[in-house]
Amino acid sequence: MYGLIPFKTNNLQERGSTFDNLFSDFFNDDFIAPLNKEISKFNTDIKENENEYVVIAELSGVKKEDINVEFKNDQLVISAKRQECKDESKEDYIRKERCYGEFQRSFRFVDVDNKNISAKFENGELKVTVPKKIKEKEASKISIQ
C-alpha cells in the first residue's frame, strides 16, 4: 500500500522556510494536484507546411458523435464531451484520474480557405486539415512596347 501514496521530498535549503511555504506546499500536494489542473484542455499538435495547417488533437475516450469542430472569426474551435461511464459494481477505487465533462480549445488562423477545412477522427485522434488561401503569384514584369 505504501507504493500507492504519492509523496514529495522537500529540500528546505532551496525552498525557504517551512512556515513560508506552508500554504503553497499544501495546495501543490499530489493529492490536491488534480484539482489545480486545467481539466478543460486536451493535448494538441499543430504542423504547418506550404499549403496547409494540420491540427492533431488527442481525444481518447471520446466518441465521434461528441466532437464538434467549427471555424468562426478566424478561430478553429474544437469542443468535445467525454461521458462518464456509470459503474454499478460499487468497487472501491484507490485513485481515479480520468476526467469527464466538456473540453474546448480554440486556435487562431488567418488567411485560410475555411470552406475546404476537413476533419477525420480515428483511434482517439482528431486530425483537422486547414488549407491556406492560395496567394496570388507575385507580379510579373510587363514589357513596355
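**Exercise 1. The aromatic pair**

Are Y53 and F109 buried or exposed? Find also how their rings are arranged and where the two residues sit in the chain.

Solution. The structure is a predicted model.

Step 1. Y53 and F109 are both buried.

Step 2. Searching the whole structure gives 1 aromatic pair. The ring centres of Y53 and F109 are 4.8 Å apart and the ring planes stand at 45°, so the pair is classed as tilted.

Step 3. Y53 belongs to strand β2 (residues 52-58), while F109 is in the loop between β5 (101-108) and β6 (118-122). With these positions 56 residues apart, the pair links distant parts of the chain.

**Exercise 2. The overall fold**

State how many helices and strands the protein has and in what order they come. Then describe burial and contacts for the whole protein.

Solution.

Step 1. The protein contains 3 helices and 7 strands.

Step 2. Read from the N terminus, the order of elements is α-α-α-β-β-β-β-β-β-β.

Step 3. Of the 145 residues in the protein, 20% are buried.

Step 4. Take the contacts with a separation of 6 or more: 50% of them are between residues 24 or more positions apart.

**Exercise 3. The salt bridges**

Locate the salt bridges, and explain why the one between E48 and K132 ties together separate parts of the sequence.

Solution.

Step 1. The whole structure holds 2 salt bridges.

Step 2. One of them joins E48 and K132, whose closest N and O atoms are 2.6 Å apart. E48 is in strand β1 (residues 44-48) and K132 is in the segment after β7 (125-131), so this salt bridge ties together parts that are 84 residues apart in sequence.

Step 3. The C-alpha atoms of E48 and K132 are separated by 9.7 Å. E48 is exposed, at 54% relative accessibility.

Step 4. A salt bridge also forms between the side chains of E70 and K72, at 3.5 Å from N to O. E70 is partly exposed, with a relative accessible area of 34%, and K72 is partly exposed as well, with 46%.

**Exercise 4. K132 and the second largest pocket**

Which residues line the second largest pocket? Describe the makeup of this lining, and list the contacts of K132.

Solution.

Step 1. The volume of the second largest pocket is about 210 Å³.

Step 2. Its lining consists of E48, E50, N51, K132, K133, I134 and K135. Both partners of the salt bridge between E48 and K132 appear in this lining.

Step 3. Sorted by class, the lining has 5 charged residues, 1 polar residue and 1 nonpolar residue.

Step 4. K132 is placed in the segment after β7. When neighbours within four places in sequence are left aside, K132 is in contact with E48, N49, E50, N51, E52, Y53, D111, V112 and D113. One of these contacts, Y53, is a member of the aromatic pair.

**Exercise 5. T129 and A119**

Work out how T129 and A119 differ in exposure, and what each residue touches.

Solution.

Step 1. T129 lies in strand β7, and A119 lies in strand β6.

Step 2. T129 has a relative accessible area of 17%; the cut-off for buried is under 20%, so T129 is buried. A119 is partly exposed, at 48% relative accessibility.

Step 3. Not counting residues up to four places away in sequence, T129 touches E52, Y53, N116, I117 and S118. With neighbours within four places set aside, the contacts of A119 are L126, K127 and V128.

Step 4. The C-alpha atoms of A119 and V54 are 9.7 Å apart, with the two positions 65 residues apart along the chain.

**Exercise 6. Positive phi values**

What is the phi of N73, and what is the phi of D74? Give the place and exposure of each residue.

Solution.

Step 1. Most residues other than glycine have a negative phi.

Step 2. N73 is not a glycine, yet its phi is positive, at about 50°. D74, also a residue other than glycine, has a positive phi near 60°.

Step 3. N73 is in the loop between β3 (67-72) and β4 (75-82). D74 is likewise in the loop between β3 and β4.

Step 4. N73 is exposed, at 71% relative accessibility, whereas D74 is partly exposed, at 34%.

Conventions:
Residues numbered from 1 in each chain as written. Predicted model: local features only at pLDDT ≥ 70, side-chain atom pairs only at ≥ 80, totals over all residues. Heavy atoms only, no water. Salt bridge = Lys/Arg side-chain N within 4 Å of Asp/Glu carboxyl O. Helix = DSSP H or I, 4+ residues; strand = E, 2+ residues; numbered from the N terminus. Buried < 20%, exposed > 50% of the residue type's maximum accessible area, 1.4 Å probe, protein only. 1 Å grid on protein atoms, 1.4 Å probe; cavity = no way out; pocket = protein on both sides within 12 Å on 5 of 7 lines; lining within 4 Å. Points joined across faces, edges and corners; volume = space filled by probe spheres on them. Nonpolar A, V, L, I, M, F, W, Y, C, P; charged D, E, K, R; others polar. Contact = heavy atoms within 4.5 Å. Phe/Tyr/Trp six-rings, centres within 6.5 Å; stacked < 30°, edge-to-face > 60°.
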